[in-house]
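Grab a pencil and have a go at these exercises before you peek at the solutions. Each one starts with a task and then walks through it step by step.

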Number of protein chains: 2
Amino acid sequence: MNGKRYSRQRELIYEALRQTDEHPTAEMVYHWLKPENPNLSLGTVYRNLNLLADEGTIRRMAFPVERYDARTEPHPHFCCDRCGCVYDLEMPYDPELDRQALLASGHDVTGHAVTFHGLCVKCKPLH
Amino acid sequence: MNGKRYSRQRELIYEALRQTDEHPTAEMVYHWLKPENPNLSLGTVYRNLNLLADEGTIRRMAFPVERYDARTEPHPHFCCDRCGCVYDLEMPYDPELDRQALLASGHDVTGHAVTFHGLCVKCKPLH
DNA sequence: AGAATAAACAGTAACTATTACTGTTATTGA
DNA sequence: TCAATAACAGTAATAGTTACTGTTTATTCT
């Protein structure tokens, strides 16, 4: 009753995402599928990606908007899922991780960012 | 000679950023400064934040656009500074870090994301 | 199976974040 | 002090994303 129905487009979008490791943007998914599905709409891609991400079937990766920090030395951040606030965290930065990443991938790793998420001290009480 | 000049607006913007730990967006900085500086332009804030970030005086934090991943279990990523490609990294995820973050901050930490950056294997040879 | 209900769609308009452009102001080196 | 031009204010344009409108279609209930 209350809710979600099957849709061929959602299936398509999800399958496209499962078949790749490119971490595509909505635009990319749209362009992959459009030729075979000429009347697929970009809005549909966005809607379904958000839908799938909200239900936890796929994963969203990015801050919504660009933020800036005057502390330039690398340090971890905490980003609240509820209010969107970003906090600094006083935790050690481990350069050894970069070496491990290089070994695991072969890429020329120059640094890394750690971002924790959850509910911040202000939002926690509010449920 | 070669370029950069002093500007009161850049100074203002940088000082505002140094005085806070809110990791503000360009919009936030603009709204803080606008009342005291009625003819400050939002474009100027964007331009100077980017300028300061490019020269390494401040730090930018975000992917430019939203990306999606069908692998929902937490795992680190590598984002190439040159081509913008995003790769999965086969490295262990350490849940212990979340506990440490909780202890350090008091926030209700539910997870973390690690994003390495540098030049990917394709871009490395191209300089 | 066939009709009724509403979720999901395509197409498009609107909105938000960011960058580019234009004419003006102001820093700087001579 | 003055010419050269970086940086500015204001605004237009662009890019990414979301919302709206009328239509299609999956599901539910006979």
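What follows is a set of four short exercises on this structure, each with its solution.

**Ground rules**

You're looking at a predicted model, where local features need pLDDT of at least 70 and side-chain atom pairs count only at pLDDT 80 or more, while totals for chains, interfaces and linings use all residues. Residues are numbered from 1 along each chain as its sequence is written, chains are lettered from A and ligands numbered from 1 in the order in which they are written, and side-chain values use heavy atoms, with hydrogens and water left out.

**Exercise 1. Work out which rotation and shift superpose chain B on chain A.**

Step 1: Fit the copies by least squares on the C-alpha atoms of residues with pLDDT of at least 70 in both. Chain B lands on chain A after a rotation of 180° with 0.0 Å of shift along the axis, at an RMSD of 0.1 Å.

Step 2: Name the relation: it is that of a two-fold axis.

Step 3: Look along the axis. In chain B, Val114(B) has the C-alpha nearest to it, at 2.3 Å.

Step 4: Check the contact residues (contact means heavy atoms within 4.5 Å). Of those in chain B, 98% recur in chain A, so the same surface serves both copies.

**Exercise 2. Find the aromatic pairs and say whether their rings are buried or exposed.**

Step 1: Apply the cut-offs: rings of Phe, Tyr and Trp (its six-membered ring) pair if their centres lie within 6.5 Å, and planes under 30 degrees apart are stacked, over 60 edge-to-face and the rest tilted. Searching the whole structure turns up two pairs over all chains.

Step 2: In chain A, Phe78(A) and Tyr87(A) make a tilted pair, 6.3 Å centre to centre with 55° between the planes.

Step 3: Judge burial by relative accessible area (buried under 20%, exposed over 50%, partly exposed in between; 1.4 Å probe, protein chains only). Phe78(A) is buried at 0%, and Tyr87(A) is buried at 19%.

Step 4: Turn to chain B. Phe78(B) and Tyr87(B) are tilted as well, at 6.3 Å and 55°, and both are buried.

**Exercise 3. Trace the salt bridges of Arg71 in each chain.**

Step 1: Set the criterion: a side-chain nitrogen of Lys or Arg within 4 Å of a carboxyl oxygen of Asp or Glu. The structure holds 14 such bridges over all chains.

Step 2: Start with Arg71(A), which bridges to Glu90(A) with the closest N and O atoms 3.3 Å apart. Glu90(A) sits in the loop between β4 and α4 and Arg71(A) in the loop between β2 and β3, so the pair ties together parts 19 residues apart in sequence. Here helices (H or I, at least four residues) and strands (E, at least two) are DSSP runs, numbered from the N terminus.

Step 3: Compare exposure. Glu90(A) is exposed at 60%, whereas Arg71(A) is partly exposed at 25%.

Step 4: Widen the view: Arg71(A), Glu73(A), Asp88(A) and Glu90(A) are linked in a salt-bridge network.

Step 5: In chain B, Arg71(B) bridges to Asp88(B) at 3.7 Å and to Glu90(B) at 3.3 Å.

**Exercise 4. Decide which parts of DNA strand C the protein comes up against.**

Step 1: Count strand atoms within 4 Å of the protein: 76% belong to sugar or phosphate and the rest to bases.

Step 2: Pick out side-chain N or O partners (polar contacts pair N or O atoms within 3.5 Å). Arg10(A) lies 3.0 Å from a phosphate oxygen, and Asn48(A) is 3.1 Å from a phosphate oxygen.

Step 3: Add a base: Ser41(A) is 3.1 Å from a base nitrogen.

Note on methods: A residue is near a molecule or strand if one of its heavy atoms lies within 4 Å of it. A polar contact is a pair of N or O atoms within 3.5 Å; within protein, one must be able to donate a hydrogen and the other to accept it, and residues adjacent in sequence count only if both atoms are side-chain atoms.
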